[in-house]
Amino acid sequence: MSLNEYYRYSRRILVGLVFSALGDALLVWKNSYYNLELGLLSFAIAQIMYARAFGWRPLKPYAGSAFLAAGLIFYTYLQYYLKGMMVYLAPFYITLICTMGWRAVARVQIYDDLWTWTKLCGCAGALCFLISDLVIAVNMFAFSVPFAHQIVMLTYYAAQFGISLSVVDSQADELIRIQKSQ
């Protein structure tokens, strides 16, 4: 992969995928008490990289407000079940994943006919990631979710697949953005 600016999006998605894989490994090996926290940290870095890849334009504050409200509602529900470090880590992670979801949704500009199938894949992937993590949190801290493992695996791998597919035409998007700024 080239290090020039045309591949910035792809590099950020790749780093996010690497940290997601590290988070998976840490959560699978339950030998250490800190694996949950370290896995969450790895996924937090992945969310940051995905959000950075999705970018900050267009801003779409209404979509951001919707994700903020959803995150606050979810944390308000979840906070009664959290103990220890998770009391602090959960709101931090919820903020990151909601920001990532917001940025993925904001990229899709259907009304201006500026959408592409790859942007839709990134958006769908981000929303699947939110569903996956919501089910994990409810199942881990609140109550047993029927078929939780199947739901989590299906939505998580659909998320990573959608986000990965979003890089297909990302070089063209970057080229258009650079040409518009000149």
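**Exercise 1.** In this predicted model, work out how α3 and α4 are oriented to each other.

*Solution.* Start with the packing: the axes of α3 and α4 sit 9 Å apart, at an angle of about 155°. Next, bring in the cut-off: angles over 145 degrees count as roughly antiparallel. So α3 and α4 are roughly antiparallel to each other. To finish the picture, add the handedness: α3 and α4 cross in a right-handed way.

**Exercise 2.** Take two spans that UniProt annotates as "transmembrane region", 117–141 and 147–168, and find how much of each is helix.

*Solution.* First, the record: the annotation comes from an unreviewed UniProt entry, and it also covers residues 12–29, 35–55, 62–80 and 86–105. Now look at residues 117–141: this span is 100% helix and 0% strand, with its end C-alpha atoms 36 Å apart. Then go to residues 147–168, where the chain is 82% helix and 0% strand and the end C-alpha atoms lie 33 Å apart.

**Exercise 3.** Describe the largest pocket: what is its volume, and which helix gives the most to its lining?

*Solution.* Begin with the space itself, which comes to about 1,100 Å³. Then turn to the walls: 43 residues line the pocket, and Leu27, Asp133, Ile136, Ala137 and Met140 are the ones nearest its centre. Sort the lining by class and you get 33 nonpolar, seven polar and three charged residues. Finally, go helix by helix: α1, α2, α3, α4, α5 and α6 each put in at least two lining residues. The top contributor is α5, with 13 residues.

Note on methods: Residues numbered from 1 in each chain as written. Predicted model: local features only at pLDDT ≥ 70, side-chain atom pairs only at ≥ 80, totals over all residues. Heavy atoms only, no water. UniProt positions renumbered as here; feature names shortened; annotations may be inferred. Helix = DSSP H or I, 4+ residues; strand = E, 2+ residues; numbered from the N terminus. 1 Å grid on protein atoms, 1.4 Å probe; cavity = no way out; pocket = protein on both sides within 12 Å on 5 of 7 lines; lining within 4 Å. Points joined across faces, edges and corners; volume = space filled by probe spheres on them. Nonpolar A, V, L, I, M, F, W, Y, C, P; charged D, E, K, R; others polar. Axes fitted to C-alpha atoms, helices over the stretch in contact; angles between N-to-C directions. Parallel < 35°, antiparallel > 145°, perpendicular 65-115°, else oblique. Left-handed = near helix turned anticlockwise from the far one by under 90°.
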